[in-house]
Amino acid sequence: MTGDFGDGDDDREAAMARHEAAGPAPTRLTRMSDKAVDDRAALHRLLDDVVLAHVAVVVGGHPVAFPTAVARDGDTVLVHGSTGSSWLRALAGGARASLTVTSMDAVVVARSAFESSFHYRSAVVFGRFATLDGAAKRRGLDILVDRIVPGRSTELRGPTKRELAATILLAMPIHEWSLKVSERWPDDPPEDVAGPAWAGIVPLRNGYGSPVDAPDLRPGVAVPASVVALTGPGDA
């Protein structure tokens, strides 16, 4: 494959290398800039479609990137984790960071390996995280829970003081960001188009399987409405 997805991220690697320098984040794409999208609504849709993000930050002098659940709250992104986490503590301390989300939407099957690629949407949000406490923390944690299983927060008991104390919730405003979208048909040269190989798009689909009861679930406890809605009534 050409690495349409990977080559397009050369900008991102250079951006991360310069991210600790003073000044605004390098959000302008210099390679394959025709795929750049500056529509904030499109960015919001991507953030709402993807649950998993990677947060990159320098900890102890070393660059690291951590996978974590993410949720959008208006013009803010939320992440959470253990207060014992060194990278979360670095973020809470004001370290500059980037948050990356990607959705793979289709495989572009071209008539040659060189021209084959993907349909994808990929965004990076640059900035600093701030710690949320009190009512804002409780609200933000509910948003994260409902991002993973919509409606689940109303079915659960509230967190205990110990659980809240062991959890850190961080928010980053969506101020500096870049969004790249690839949604082209195969771009084969005429000699390959005239050949015998098939070309087209194969959409990627995500879905949920049937819920499986926990081994220690008490008899008679039904699958909750939030999970039924997530998987569909046929899978409950």
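Two strands are taken to pair if DSSP finds at least two bridges between them. In the predicted model described here, strand β5, residues 96–109, satisfies this criterion with several partners. With strand β10 (residues 200–203), β5 forms 4 bridges in the antiparallel sense, and within this pairing V109 is placed opposite G200 of β10. Strand β6 (residues 117–128) also runs antiparallel to β5, and 12 bridges join the two. In this pairing, S103 has R121 of β6 as its bridge partner. A further antiparallel pairing, over 3 bridges, connects β5 with strand β1 (residues 52–59); here A56 faces S98 of β5.

Strand β6 also contains S122. The relative accessibility of S122 is 1%, so this residue counts as buried. Despite this burial, the side chain of S122 has a polar partner, since a polar contact of 3.3 Å is made with the side chain of T102.

Nonpolar packing was examined next. The largest nonpolar core comprises 28 residues, of which V55, L91, L99, V101, F129 and L179 touch the most other members. Two or more residues are contributed to this core by each of α3, β1, β4, α4 (86–92), β5, β6, β8 (167–173) and β9. Helix α3 supplies the largest share, with 4 residues. The surroundings of F129 illustrate the packing. When neighbours within four places in sequence are set aside, F129 is in contact with V55, V77, V79, L91, A97, L99, L170, A171 and M172. A second core, separate from the one just described, consists of 8 residues, among them A71, L141, L144 and L164.

A search for aromatic pairs across the whole structure returned 1 such pair. The pair is formed by F66 and W87, whose rings are stacked, with a centre-to-centre distance of 4.7 Å and an angle of 10 degrees between the planes. Because F66 belongs to strand β2 (residues 62–69) and W87 to helix α4, the pair ties together parts that are 21 residues apart in sequence. The two partners are assigned to separate accessibility classes: F66 has a relative accessible area of 26% and is therefore partly exposed, whereas W87, at 10%, is buried.

Charged side chains were considered last. In the whole structure, 8 salt bridges were found. One of them joins D75 to R40, with 3.4 Å between the closest N and O atoms. This salt bridge links distant parts of the chain, as D75 is located in the loop between β3 (71–73) and β4 (76–82) and R40 in helix α3 (residues 40–49), 35 residues apart. Both partners are intermediate in accessibility. D75 counts as partly exposed because its relative accessibility is 42%, and R40 is likewise partly exposed, at 29%.

Another salt bridge is found between R111 and D188, for which the closest N and O atoms are 2.7 Å apart. Distant parts of the chain are again linked, with R111 in the loop between β5 and β6 and D188 in the loop between β9 (176–182) and α7 (190–193), 77 residues apart. The relative accessibility of R111 is 27%, so R111 counts as partly exposed. D188, by contrast, has a relative accessibility of 11% and therefore counts as buried.

The side chains of R152 and E155 also meet in a salt bridge, with an N to O distance of 2.8 Å. R152 is partly exposed because its relative accessibility is 26%, and E155 falls in the partly exposed class with a relative accessible area of 33%. In addition, D49, D105 and R121 are joined into one network by salt bridges that share partners. R121 is thus named in two settings, as the bridge partner of S103 in the pairing of β5 with β6 and as a member of this salt-bridge network.

Terms used:
Residues are numbered from 1 along each chain as its sequence is written. This is a predicted model: local features need pLDDT of at least 70, side-chain atom pairs count only at pLDDT 80 or more; totals for chains, interfaces and linings use all residues. Side-chain values use heavy atoms; hydrogens and water are left out. A salt bridge is a side-chain nitrogen of Lys or Arg within 4 Å of a carboxyl oxygen of Asp or Glu. Buried means under 20% relative accessible area, exposed over 50%, partly exposed in between (1.4 Å probe, protein chains only). A nonpolar core is a set of buried Ala, Val, Leu, Ile, Met, Phe, Trp, Tyr and Cys residues joined through side-chain atoms within 4.5 Å. Contact means heavy atoms within 4.5 Å. Rings of Phe, Tyr and Trp (its six-membered ring) pair if their centres lie within 6.5 Å; planes under 30 degrees apart count as stacked, over 60 as edge-to-face and the rest as tilted. A polar contact is a pair of N or O atoms within 3.5 Å; within protein, one must be able to donate a hydrogen and the other to accept it, and residues adjacent in sequence count only if both atoms are side-chain atoms.
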